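Please consider the structure shown below, and follow the explanation from the overall fold to single residues.

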Amino acid sequence: MKKLSSMKLAATLGLVIAFTSGTAAAQDLVAGQQAFEKFACASCHGADAKSSTLPSYPVLAGQHADYLLHALRSYKRGATGSTTVNARNNAVMTAMVQQLSEADMQNIAAWLASLPSDLAVRR
Ligand code: HEC
């Protein structure tokens, strides 16, 4: 019995690891860069995502992917009129994210996080 349950645990852990790495691989860095260019994000945040055209436009390159994805989803929530702490309301960004799909946001966040920058510690 004991042996069986540890085998079950190992199988479950294997599934969790496979699922997690599958999700990461699903994020396409090239598609992220293409979406960033296609939706004119660079016109404010800069082509390298760190040479913003105005100081009020935040540096995105090298920021953590999960933070960026959370931010983009929060602007989307804001557009629905949600007033939770997980909703952001900003005239510019709330409009910008309307054209992005969930996959676009995941790819963009992954690409931005992969860029060299002083924002995050490189490993
Ligand atoms: C017209 C200028 C402009 C354009 C175009 C623009 N942004 Fe932004 N972006 C901003 C501003 C201003 C903010 C800060 C908004 C705030 O205070 O919440 C911001 C914030 C962000 C943030 C949150 C950063 C953080 O540190 O919390 C992300 C992520 C982001 N933009 C991604 C994008 C993406 C992706 C696109 C293209 C689809 C885009 N932006 C297009 C001006 C712009």
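Read from the N terminus onward, the protein chain follows the pattern α-α-α-α-α-α. It has six helices and zero strands. The model is a predicted one. Of the 123 residues in the protein chain, buried residues make up 21%. Among the contacts between residues at least 6 apart in sequence, 62% join residues at least 24 apart.

The pairing of helix H2 with helix H6 may be taken up next. Two packed helices are described by the angle between their axes and the distance between the axes. Helix H2 spans residues 29–38 and helix H6 spans residues 102–114; they pack at an angle of about 100 degrees, and their axes are 7 Å apart. Because angles of 65 to 115 degrees count as roughly perpendicular, H2 and H6 are roughly perpendicular to each other.

Which residues form this contact between H2 and H6? From H2 come Leu29, Ala31, Gly32, Gln33, Ala35 and Phe36, and these meet Asp104, Asn107, Ile108, Ala110, Trp111 and Ser114 of H6. By class, the residues of this contact of H2 with H6 divide into seven nonpolar, four polar and one charged.

Helix H2 also repays attention on its own. Its buried residues are Gly32, Gln33, Ala35 and Phe36. These four residues lie on the same side of H2, because they cover an arc of only 160 degrees around the axis. The face turned away from that buried side carries the exposed residues Val30, Glu37 and Lys38. As for their partners, the buried residues of H2 pack against H3 and H6.

Gln33 illustrates this arrangement at the level of one residue. Gln33 is found in helix H2, and it counts as buried because it has 20 C-beta neighbours inside 10 Å, where a residue with 20 or more is classed as buried. Gln33 and Ala110 are 77 residues apart along the chain, yet their C-alpha atoms are separated by 9.3 Å. Both Gln33 and Ala110 are among the residues of the contact between H2 and H6.

The backbone following H2 has a feature that can be set against a general tendency. Most residues other than glycine have a negative phi, and most peptide bonds are trans. Just after H2, however, Ala40 takes a positive phi of about 60 degrees. Ala40 is placed in the loop between H2 and H3. Is Ala40 buried or exposed? With 11 C-beta neighbours inside 10 Å, Ala40 counts as exposed, since the exposed class takes in residues with 12 or fewer.

Ala49 is another residue that has a positive phi although it is not a glycine, here with a value of about 65 degrees. Ala49 lies in the loop between H3 and H4. Unlike the exposed Ala40, Ala49 is buried, because 24 other C-beta atoms lie within 10 Å.

Asp48 is also found in the loop between H3 and H4. Asp48 is partly exposed, with 14 other C-beta atoms within 10 Å. Leaving aside residues up to four places away in sequence, Asp48 touches Ala61 and Leu115. The C-alpha atoms of Asp48 and Leu112 are separated by 8.8 Å, although their positions lie 64 residues apart along the chain when counted as sequence separation.

The surroundings of the ligand remain to be described. Of the 21 residues around the ligand, Phe39, Cys41, Cys44, Ala71 and Asn90 come nearest. The elements that give two or more residues to this shell are helix H3 (42–45), helix H4 (65–79) and helix H5 (91–96). How do the residues of the shell divide by class, and how many are nonpolar? The shell holds 16 nonpolar residues, four polar and one charged.

Cys44, one of the residues that come nearest to the ligand, is placed in helix H3. Cys44 counts as partly exposed, because it has 16 C-beta neighbours inside 10 Å. Not counting residues up to four places away in sequence, Cys44 touches Ser52, Thr53 and Tyr57. Cys44 and Pro58 are 14 residues apart in sequence, and from C-alpha to C-alpha they are 8.9 Å apart in space.

Definitions and conventions: Residues are numbered from 1 along each chain as its sequence is written. This is a predicted model: local features need pLDDT of at least 70, side-chain atom pairs count only at pLDDT 80 or more; totals for chains, interfaces and linings use all residues. A residue is near a molecule or strand if its C-beta atom, placed from the backbone, lies within 6 Å of it. Ala, Val, Leu, Ile, Met, Phe, Trp, Tyr, Cys and Pro count as nonpolar, Asp, Glu, Lys and Arg as charged, and the others, Gly among them, as polar. Axes are lines fitted to C-alpha atoms, for helices over the stretch in contact, and angles run from 0 to 180 degrees between N-to-C directions. Angles under 35 degrees count as roughly parallel, over 145 as roughly antiparallel, 65 to 115 as roughly perpendicular and the rest as oblique. Two residues are in contact if their C-beta atoms, placed from the backbone, lie within 7 Å. The arc is that of the directions from the helix axis to the C-beta atoms.
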